[in-house]
Amino acid sequence: MKVLVTGGAGYIGSVATEILLREGYDVLVFDNLQQGHKEAVSEGASFIEGDLSQYEQIEAAIAGFKPDAVMHFAANSLVGESMQEPFLYLNDNVVNALNLLKAMEAHGVGKIILSSTANLFADPLKMPIEEDERIIPGSPYGESKGIIERFLHWLSITKGLKFACLRYFNAAGATELHGEDHDPELHLIPIILQVALGQREKVFMFGDDYDTPDGTCIRDYIHIEDLISAHILALESLDAGNRTYNLGNGKGFSVKEVIEAARKITGHPIPADIAPRRAGDPATLVAGSDKIKSELGWNPKFTDIESIIETAWKWHSAHPDGYGG
Ligand code: UDP
């Protein structure tokens, strides 16, 4: 089976490519290398440097490769940035997805797995958050993913598109070959590990006055290998119907707990200061993932925060300068 991976040079897309290849799929990576790294694209995948904002570029890629399915990771994906730069999200993420969907439609590509987000649930009625939770995006980022989910719904009805929307909680960890390398780095776990590597002096905890036991935000960290195994299960099940799943471990950890776990793993004191809240951050996001477990037999391998951080620490120690080193 041939899979086009948009954003396959980025953190999650590069791991998707690695695992798809390992499982015998034929992969074409399409990435503009704005945030991704050419070095992160697995040998064995074909690669096109292209931008989804340019319809003719994605159209030519699809016409040439003739994929059976698409995994769509390429997007602006920072909650905080989306509060400062809403058009990067409400315009670019949305228009780029439309270009991809139009090109798929033009060439009869009928399956897509969308990387969606827990930021759809800024004001949940229940915790853990299940798939039937009301959608109230927490930021323009979350809104952009919610809009794209609705596109898929309508294209399924009008054109027979088969889709899965996978709402990630906090993707974390690394494989031996691929890890997290953003510039600037804004995510909690890689920032903490940069402190442990001596590349930063301290970590700032954004807010300690949330309505949580220790006052810092609680998130559900899911290892990227488990995340990608869910993508492959979803892809293989699409013939039996569309899928929408929340993906997490079902267990939340506060910012303070994540820092404490990283201190144990790295043996570094990791100094931490309190800083103001970051706009767009809900207090607690924990996934209810029973639906994918019962429907598809998904069985995450990494269930505690320490084992997840350990994989990230191995990768960051081996690649202190990320892909640039
Ligand atoms: N966070 C923090 N300090 C940082 C980066 C993140 O306190 O330097 C917090 C952030 O406010 C959130 C959690 O850590 O509550 C996870 O943030 P991250 O950016 O890693 O992922 P997100 O939840 O935005 O997808």
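Colleague: Is K66 buried or exposed?
Modeller: This is a predicted model, in which local features need pLDDT of at least 70, side-chain atom pairs count only at pLDDT 80 or more, and totals for chains, interfaces and linings use all residues. Residues are numbered from 1 along each chain as its sequence is written. A residue is called buried if 20 or more other C-beta atoms, placed from the backbone, lie within 10 Å of its own, exposed if 12 or fewer do, and partly exposed in between. Because K66 has 12 C-beta neighbours inside 10 Å, K66 counts as exposed.

Colleague: Near what value is phi of K66?
Modeller: K66 sits in the loop between helix 2 (55-65) and strand 4 (69-72), where helices (H or I, at least four residues) and strands (E, at least two) are DSSP runs, numbered from the N terminus. K66 is a residue other than glycine, yet its phi is positive, near 50°.

Colleague: L33 also has a positive phi; how does L33 count in terms of burial?
Modeller: L33, likewise a residue other than glycine, has phi near 60° and lies in the loop between strand 2 (26-31) and strand 3 (46-49). Since 15 C-beta neighbours fall inside 10 Å, L33 counts as partly exposed.

Colleague: Which residue follows D183 across a cis peptide bond?
Modeller: One cis bond, with omega near -5°, runs from M127 to P128, and P128 is placed in the loop between strand 5 (111-117) and helix 5 (140-159). The bond after D183 is in the loop between strand 7 and helix 6. With omega near 0°, the cis bond from D183 leads to P184.

Colleague: Which strands stand at the edges of the sheet of 7 strands?
Modeller: The 7 strands form an open sheet in the order 3-2-1-4-5-6-11, with parallel pairing, two strands being paired if DSSP finds at least two bridges between them. Each edge strand has a single partner, so one side of each is left without a neighbour in the sheet; these are strand 3 and strand 11 (243-247).

Colleague: About what angle does helix 4 make with strand 4?
Modeller: From one strand to the next the sheet's twist averages 15°, angles running from 0 to 180 degrees between N-to-C directions of axes fitted to C-alpha atoms, for helices over the stretch in contact. Strand 1 (residues 2-6) and strand 4 run parallel and are joined by 4 bridges, with L4 opposite V70. Helix 4 (residues 86-106) packs on the sheet, touching strand 1, strand 4 and strand 5, and its direction makes with that of strand 4 an angle of about 175°.

Colleague: Which residue is the bridge partner of R219 in strand 12?
Modeller: In another open sheet, 3 strands follow the order 12-9-14 with mixed pairing. Strand 9 (residues 218-219) and strand 12 are joined in the antiparallel sense by 2 bridges. Opposite R219, the bridge partner in strand 12 is F253.

Colleague: How many of the 9 residues of helix 6 are buried?
Modeller: Helix 6 is covered by elements including strand 8 (203-206), helix 8 (255-266) and helix 10, contact meaning that C-beta atoms, placed from the backbone, lie within 7 Å. Among its buried residues are L188, I191 and A196. Helix 6 (residues 188-196) is largely enclosed by the rest of the structure because its buried residues number 8.

Colleague: Which element gives the largest share of the shell around the ligand?
Modeller: The ligand is surrounded by 15 residues, the closest being H187, L188, M205, F206 and C217, where near means a C-beta atom, placed from the backbone, within 6 Å. Helix 6 and strand 8 are the elements that give two or more residues to this shell. The largest share, 4 residues, comes from strand 8.

Colleague: How many C-beta neighbours does I305 have inside 10 Å?
Modeller: I305 lies in helix 10 (residues 305-318) and, not counting residues up to four places away in sequence, touches Y221, F253, E257, V258 and A261. I305 counts as buried because its C-beta neighbours inside 10 Å number 25.

Colleague: How far apart are the end C-alpha atoms of residues 3-248?
Modeller: An unreviewed UniProt entry annotates residues 3-248 as "domain: NAD-dependent epimerase/dehydratase". The span is 38% helix and 20% strand, and its end C-alpha atoms are separated by 24 Å.

Methods
Two residues are in contact if their C-beta atoms, placed from the backbone, lie within 7 Å. UniProt positions are given in the numbering used here, feature names are shortened, and annotations may be inferred rather than shown by experiment.
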